[in-house]
Structures are given as structure tokens and as C-alpha cells.
Amino acid sequence: MNKLITSSPPATSMYDTVVNQLSQTMESLGMAPDMRRILAVTNNEIIVHFPVKMDDGRIEIFKGYRVQHNNILGPYKGGLRYHPTLEINDAKALAMWMTWKTSLAGLPYGGAKGGIQIDPRKYSIGELERITRRYTFALGDNIGPDLDIPAPDVNTNEQTMAWIADTYMSTKSPLERSNFKHVVTGKPVGCGGLAGRDRATGFGVYLCLKLLFKSWGEELAGKRFIVQGFGNVGYWASHFLIRDGARLVGVQDAHATLVNEQGIEVEDLLEHSKPRLNSIKGFEGAQEIDSENFFSLDCDILIPAALGNQITAANASSIKANIIAEGANGPTDKEGEKLLLARNAVIIPDILCNSGGVIGSYFEWLQNRNGEIWSIDEVMQKIEKKISTAFTDVQGVAKEKNIDYRTAAYFLALTRIETAYKHRGIFP
Ligand code: NAD
């Protein structure tokens, strides 16, 4: 197995970043201090430890998380991540971002996140299935289609979701089992999944960029972009951008950093990586460079689509791109953002830029609830409509208040949440 690229430890944690973003926005926009106190904490933090039998007969103990941040707007919603460095504070930060994201997209959901602290590459498929099923069993009724609805995230996919749905449904009485299919979204199309859910997040990233250029009277054709992370989000964003004539000139994953000024053939790269446990290393259609040189590559657009806190004070000044489209959650820390904004770079914030995924999830959930099946064209149109509305709203507020896109997105998301609290009040 190739050695993983381990980026230098971030100066701040994702949790620091999200709490900082919350306080700054609330302060700068004069929002009620009570709201800050409510939203700065998570409603529930669930930690489970569970045993699983390995292929060689050994028993290993695993640690899993599910953090439910806020549900004033509806059931908790958010992905599950399998990663060796996953900590409770990461899950808390990611859950908070989900609350803002679902609110900004106008969805009837709150925010949650979770996962298991493992390196999935170290386990066989059979082991991963048993780990996933035991984790689901350990969570029990802390998740549910009207309570908390997980989805895929880093290192989890539609297969993971199918195992979760099957395990959860198996614990219910036979009479009602099929009513619980939508306990997770991001399932395979053959078992209740949504046509197009696989590409929804990357499509949203592409759409935000297209709308941004359109608002400037420009097109995507001819624009040069680089992508960090060649997984679900990185691949699909690249796929759609290239379809509109943009050129992928640099790509980095956990194993290698590749460049080609003439453009990297994204479908060939996908074919190369699939049989190599999704590693892009050794691709012949590009040249490999040192990973430290990735962010300083010459380009128009940078798409971080891997992990959090990748853009920091250590590398932000070397970034050449004028547009940063945050496919990943929390890829830019506070200091990195300051440096980028100081030179008038545009950051399309994660809670807007990667919201295509949760919007797709919402349509899958609705489809399951109503017993309907939609065509991929219908789905993509629905996603496009919702993202376009959110993008236009954020751009409008940014212009009107003369603020950056992240602050505008937070303003809209937090205002919706504040309004719900005003109507409902605090029990008792
Ligand atoms: P994925 O597991 O499919 O892909 C992750 C990619 O990041 C892989 O190519 C991996 O090699 C790369 N990577 C990991 N560590 C790296 C490192 N240190 N340096 C460079 N590359 C590294 O995950 P994904 O689903 O594409 O998610 C990527 C990001 O997008 C995450 O931040 C996730 O939270 C966010 N996101 C995903 C979705 C979704 O629908 N999948 C939705 C919203 C946000």
C-alpha cells in the first residue's frame, strides 16, 4: 500500500474554525447573544464502543460517534465518516456546519455528523460490513427517518448506506420494516437510492462556479482549475467542469499530486484509480510533483475536496487561484481565509458550495417517504433549482451588505434558525 500524504497538523481544529465563524458572524451582524449560546453547543453527543469479529477470529473494539447539533428546523441530517483521525470535536464541527447548510438550502432538517475512528483501507470488505452493522446496532434508535438520517461522507459510500439501512430495518417488526428505508440517504439506486445522488455534491460545486462566472458575464470554458481530493466530490465536480470546457491542470489525493498544463483526462484518471483502491498515483497522463507544491499551482479556480483545515496561514499566501470553491467541509481556517479575502479572492463557502449532496439526500428521503421514483433528469433539475436559489440569495445579501460570501451565507442560515426559535420559543 502507498504511504498516505499526511498534511501537517492544522494550527486550529475544525471545531475552533466553526465556533469562530459563528461568533464572528453573529457579532458583525448584530444577532442576539442568546442565539449564539444555543447554537454554540450540540444537543446530543453519542459515543459508542462496540466489538467486531475480524476475519482471523480476533475481536477488535471500535469507537464510533454521532453528534446531533440542532434540530429546530427538522430531523438531524448529516454524513458518516470513516477516518483514523476522527475525533468527537471533528464530528461536532461537521454537525454544526450541517445545521447551517440545511438551513441555507431551505430544507426541513437540522444538523448532525458522525462516523468511526478507523482507516478503512486496513479492513476487508467482510470486516467493513460487520463494523458498519455493529455500529448501526450500537446507535440503535438514536437514528431514525424522522429523528436523525445519516448519509455518506469521507470513506463511506452507497454500500455503507445499504448495510446501515438493512441492519436498521432488520431490527424492526416485519410489518413496518419497509417504512424505515429512509433512515439513511445515499443508498444504491437498486434499494431506494436516488438517481443522481452520487453526483449531486460535485454537480453543486460546478453549478456554483457556473453561476458565479455567469454573474460576471463570463463562462467556464477555458478556465483552469485544480482539485484536492479525487473522491466522490472531486471527481464529479471535475467531470461537470470539464464538460463545460474548463481544464483540470492539477489534482492531489492522499497518495500523489499530479499536474498537466494541457489538461488531465478525468475519466481516464478515474479508470486508473478505481482498481488501485482509489489512488491516483502512477497515472501516465500527468506528471507527479511534491505534494507541498499543490496549492501554489497556477490556476483560476481551486477546489479543496478532501479534508478540513487544508488552507491555512502556512499556504494561503501562495495560492494563485482567485476563486476557491469549497467542496470539502471546513477546508479553510480563519487565518487562511483572512489572507485570501485580503487580496479579494472569492471563497464560495462549503455550506453553499457542497450543499448539492444534502439537497440530493432530501429528495431521496422524500422519494422514499412518498413511495415515488424519479428520473435522473427530474432529480438534477430539482437540485439545480434549489442550489440556484441559495446561490442567488447569498450573492444578493453579499452585495447588499457588502460582505463576503461566507458571512452572507451564515447570515441567511442563522436568520432562518433564529426565526424558528422566535416562533417556537423555548420549552417550557
Ligand atoms: P471521498 O472519500 O470520496 O474522497 C476523499 C478524497 O480526499 C480522496 O481522493 C482521498 O485520497 C483524498 N484525501 C484524503 N486525505 C488527503 C490529504 N491529506 N491530501 C490530499 N487528499 C486527501 O470523500 P468525499 O465524499 O469526496 O468527500 C470529500 C469532502 O467533501 C469531505 O470534506 C466531505 O465532508 C465533503 N462533502 C462530501 C459530500 C458527499 O456527498 N460525498 C457532501 C458534502 C461535503
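The following exercises, each with a worked solution, concern a predicted model of a protein with a ligand.

**Exercise 1. The surroundings of the ligand**

Determine which residues come nearest to the ligand, and how the shell around the ligand divides into nonpolar, polar and charged residues.

Solution.
Step 1. The ligand has 24 residues around it, and those that come nearest are Arg81, Asp153, Thr201, Ala306 and Asn329.
Step 2. By residue type, the shell consists of nine nonpolar, 11 polar and four charged residues.
Step 3. Both domains take part: domain 1 (36-193) and domain 2 (200-353) each supply at least three residues to the shell.

**Exercise 2. Polar contacts and burial of the ligand**

Identify the protein atoms that lie close to oxygen atoms of the ligand, using a limit of 3.5 Å for a polar contact. Then state what share of the ligand's area the protein buries.

Solution.
Step 1. Begin with the side chain of Arg81, which places a polar atom 2.8 Å from a ligand oxygen.
Step 2. Turn to the backbone: an N or O atom of Asn155 lies 2.9 Å from an oxygen of the ligand, and a backbone N or O atom of Ala306 lies 2.8 Å from a ligand oxygen.
Step 3. The ligand taken alone exposes 830 Å², of which the protein buries 89%.
Step 4. Two elements give two or more residues to the shell, namely α6 (197-215) and α7 (232-243).

**Exercise 3. A serine in helix α7**

Locate Ser238 and find which backbone oxygen its side chain reaches.

Solution.
Step 1. Ser238 belongs to helix α7.
Step 2. Its relative accessible area is 0%, so Ser238 is buried.
Step 3. The side chain of Ser238 reaches the backbone oxygen of Gly234, at a distance of 2.7 Å.
Step 4. As general background, an α-helix has 3.6 residues a turn, so residues three or four places apart point the same way.

**Exercise 4. Length, burial and ends of helix α13**

Check whether the span of helix α13 (residues 405-424) agrees with the expected value, and describe what is found at its two ends.

Solution.
Step 1. Helix α13 has 20 residues, and at 1.5 Å a residue the expected span is 28 Å. The expected span is 1.5 Å times one less than the number of residues.
Step 2. The C-alpha atoms at the ends of α13 are 29 Å apart, which agrees with the expectation.
Step 3. Of the 20 residues of α13, 14 are buried, so the helix is largely enclosed by the rest of the structure.
Step 4. At the N-terminal end, Asp404 acts as a cap: one of its side-chain oxygens lies 3.1 Å from the backbone nitrogen of Arg406.
Step 5. Just after the helix, Gly425 adopts a positive phi of about 70 degrees.
Step 6. The segment after α13 also contains Pro428. The peptide bond leading from Phe427 to Pro428 is cis, with an omega near 5 degrees.

**Exercise 5. Two asparagines with positive phi**

For Asn309 and Asn344, give the phi angle and decide whether each residue is buried or exposed.

Solution.
Step 1. Asn309 is not a glycine, yet its phi is positive, near 50 degrees. This residue lies in the loop between β10 (301-304) and β11 (323-325).
Step 2. Buried means under 20% relative accessible area. The value for Asn309 is 6%, so Asn309 counts as buried.
Step 3. Asn344, likewise not a glycine, has a positive phi of about 60 degrees. Its place is in the loop between α9 (334-342) and β12.
Step 4. Exposed means over 50% relative accessible area. With 66%, Asn344 counts as exposed.

**Exercise 6. Separation along the chain and in space**

For Ile347, Gly78 and Gly57, give the accessibility class and the C-alpha distance to a partner elsewhere in the sequence.

Solution.
Step 1. Ile347 lies in strand β12 (residues 346-348) and is buried, at 4% relative accessibility. Ile347 and Tyr76 stand 271 residues apart in sequence, with 27 Å between their C-alpha atoms.
Step 2. Gly78 lies in strand β3 (residues 76-82) and is buried, at 2% relative accessibility. From Gly78 to Lys338 there are 260 residues in sequence and 28 Å in space, C-alpha to C-alpha.
Step 3. Gly57 occupies the loop between β1 (44-53) and β2 (59-70) and is partly exposed, with a relative accessible area of 44%. Gly57 and Thr389 are 332 residues apart along the chain, and their C-alpha atoms are separated by 53 Å.

Note on methods. Residues are numbered from 1 along each chain as its sequence is written. This is a predicted model: local features need pLDDT of at least 70, side-chain atom pairs count only at pLDDT 80 or more; totals for chains, interfaces and linings use all residues. Side-chain values use heavy atoms; hydrogens and water are left out. A residue is near a molecule or strand if one of its heavy atoms lies within 4 Å of it. A polar contact is a pair of N or O atoms within 3.5 Å; within protein, one must be able to donate a hydrogen and the other to accept it, and residues adjacent in sequence count only if both atoms are side-chain atoms. Accessible areas come from the Shrake-Rupley method with a 1.4 Å probe; for residues, only the protein chains shown count as cover. Helices (H or I, at least four residues) and strands (E, at least two) are DSSP runs, numbered from the N terminus. Ala, Val, Leu, Ile, Met, Phe, Trp, Tyr, Cys and Pro count as nonpolar, Asp, Glu, Lys and Arg as charged, and the others, Gly among them, as polar. Domain bounds come from an automatic or database domain assignment. Buried means under 20% relative accessible area, exposed over 50%, partly exposed in between (1.4 Å probe, protein chains only).
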